[in-house]
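Me: I'm new to this structure and would rather know one part well than skim the whole thing. Pick a single spot and walk me through what surrounds it.

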Amino acid sequence: MRVVLLGTGDSPGTPVIGCHCRTCENARKYGWERRRFSVLVENNGKVLVIDTSPDLRYQLLRMNVERVEAVIWTHCHYDHFAGFGDFYRVQDDVKVYTSPEVHEDIGRYMDFMKYKAIEVESYEPFEIIGLKVTLIDVNHPPLRRAHGIVLEWNGYKISISGDTNINIPERSLEEMKNPDLFVVEALAPKFHFRKHMNAEEAMLLSKKVNAKKAVLTHMSHFFPPHNVALKSYPVGHDFQTFEFGKEKCNLSNFIE
Ligand SMILES: [Zn+2]
Ligand SMILES: [Zn+2]
Ligand SMILES: [Zn+2]
C-alpha cells in the first residue's frame with residue numbers, strides 16, 4: 001500500500017500567479033511547485049483519490065494512473081474538488097464518498113455531472129480498495145462540515161487532518177491517535193488563521209495524536225523556499241511517496 005502526496009500547496013498554489021516574493025521566485029528559478037491538495041492511495045493496483053484538486057489532470061498523468069476506483073471529498077472548497085471534471089470526462093463511473101452536507105454543497109457546482117454519490121457519516125468506518133476508511137469531523141469555518149480521514153490497513157494507520165484549525169473535536173483526535181503517518185495541514189509557519197493551522201500548531205497536534213511520523217501539507221508561499229523550510233519543519237513535497245507493508249514499517253521518501 002502506498003500514499004502519495006499529489007499536491008502540497010494551498011488554494012493558489014506556489015508559485016502564486018503574479019507574486020514575486022522570495023519563495024515564489026525560488027520556485028520559478030529552480031522549477032519546483034506546490035500544486036493543489038490531493039492524496040493518492042494505492043493498494044493492490046487500485047487507486048483511491050482523496051480530494052480532486054484543480055491540478056488533478058497533471059497529477060494523474062504524472063502518476064500514470066489509468067483508473068480511479070473511488071474519490072473522497074473532505075469539504076466544499078475549490079482547491080479540493082474543482083479537478084473532478086478532468087477525469088470524469090474520461091471515467092464517469094467513479095464512486096464519490098463524503099457526508100451528505102458536503103455532497104449537497106459540492107453537488108451545486110457539479111450539477112451537470114451525474115456522478116455516483118455515496119453518503120457516509122463521520123466515525124462510521126467503511127471499506128474502499130481493501131482499506132478501512134473513517135471520516136472524522138474537523139473545524140474549518142465558516143463551512144458547516146469538513147472532514148479529516150483515517151485509513152487503516154494491515155496494522156498500519158494513516159491519519160489525514162484535512163483543512164482545519166487546531167480546534168478539532170475530541171472524538172476526532174481520539175480516532176486519529178497513534179498513526180504511523182500523519183498528513184497534517186499547515187498554511188504558514190507562524191501566523192494565526194481562523195480556518196487553518198500554522199506549522200507550530202500542526203507539530204503540536206502531531207505530538208498530541210502521538211504520530212510516529214508527520215508530514216506537512218497545504219502550504220502557502222508564506223513558507224520559505226522548500227529546502228529552507230525543511231530545516232525547521234517536516235514539509236512535504238509534491239509526489240512524495242510513503243510505502244507501507246514491505247517488511248515492517250518501511251516508510252520511504254522519494255525526492256522528485
Ligand atoms: Zn509568493
Ligand atoms: Zn478549505
Ligand atoms: Zn484547501
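Reply: Let's start at Cys-76, which is buried, with a relative accessible area of 13%. (Buried means under 20%, exposed over 50% and partly exposed in between, using a 1.4 Å probe and protein chains only.) Before going on, keep in mind that this is a predicted model, where local features need pLDDT of at least 70 and side-chain atom pairs need 80 or more, while totals for chains, interfaces and linings use all residues. Residues are numbered from 1 along each chain, chains are lettered from A and ligands numbered from 1 in the order written, and side-chain values use heavy atoms, without hydrogens or water.

Where does Cys-76 sit? You'll find Cys-76 in the loop between strand 4 and helix 3. (Helices, H or I with at least four residues, and strands, E with at least two, are DSSP runs numbered from the N terminus.) Leaving out its neighbours within four places in sequence, Cys-76 is in contact with Phe-81, Val-102, Asp-105, Ile-106, Tyr-109 and Leu-143; contact here means heavy atoms within 4.5 Å. Arg-144 is 68 residues away from Cys-76 along the chain, yet their C-alpha atoms are separated by 9.6 Å.

Some of those partners take us to helix 5, which covers residues 100-109. Its buried residues are Val-102, His-103, Asp-105 and Ile-106. What do they pack against? The buried residues of helix 5 rest against helix 3, strand 5 (95-98), strand 6 (116-119) and strand 9 (147-153).

Now for the metals, beginning in the loop that holds Cys-76. His-75 lies in the loop between strand 4 and helix 3 too, and its NE2 atom is a donor to the zinc ion (ligand 2). The other donors to that ion are His-77 (ND1), His-140 (NE2) and Asp-163 (OD), with distances of 2.1 to 2.3 Å for the set. (Donors are N, O and S atoms within 2.8 Å of the metal, or 3.2 Å for Na, K and Ca; water is not among the atoms, so sites may look incomplete.) Along the chain, the donors of ligand 2 follow the spacing H-x1-H-x62-H-x22-D. The angles among its four donor atoms run from 90 to 169 degrees, and the site is irregular. (Four donors count as tetrahedral if all angles lie between 85 and 135 degrees; four are square planar, and six octahedral, if opposite donors are over 155 degrees apart and all others between 65 and 115; anything else is irregular.)

How far apart are ligand 2 and ligand 3? These two zinc ions are 3.4 Å apart, and Asp-163 coordinates both. Asp-163 is in the loop between strand 10 and helix 6, so the pair it makes with His-75 ties together parts that are 88 residues apart in sequence. Both His-75 and Asp-163 are buried.

Turn to the zinc ion (ligand 3) itself. Its protein donors are Asp-79 (OD), His-80 (NE2), Asp-163 (OD) and His-218 (NE2), lying 2.1 to 2.3 Å from it. The site of ligand 3 is irregular, with angles of 87 to 174 degrees among the four donor atoms. In sequence, the donors of ligand 3 are spaced D-H-x82-D-x54-H. Asp-79 lies in helix 3 (residues 78-81) and Asp-163 in the loop between strand 10 (156-160) and helix 6 (170-176), so this pair joins parts that are 84 residues apart in sequence. Asp-79 and Asp-163 are both buried.

One residue before His-218 in the numbering comes Thr-217, found in strand 12 (residues 214-217). Thr-217 is buried, with a relative accessible area of 2%. Not counting residues up to four places away in sequence, Thr-217 touches Gly-7, Thr-8, Phe-37, Val-183, Val-184, Glu-185 and Ala-186.

That leaves the zinc ion (ligand 1). Which residues hold it? Ligand 1 is coordinated by Cys-19 (SG), Cys-21 (SG), Cys-24 (SG) and His-221 (ND1), at 2.0 to 2.3 Å. Its donors are spaced C-x1-C-x2-C-x196-H along the chain. Here the site is tetrahedral, with angles of 105 to 116 degrees among the four donor atoms. Cys-19 counts as buried at 16% relative accessibility, and Cys-24 is buried with a relative accessible area of 0%.
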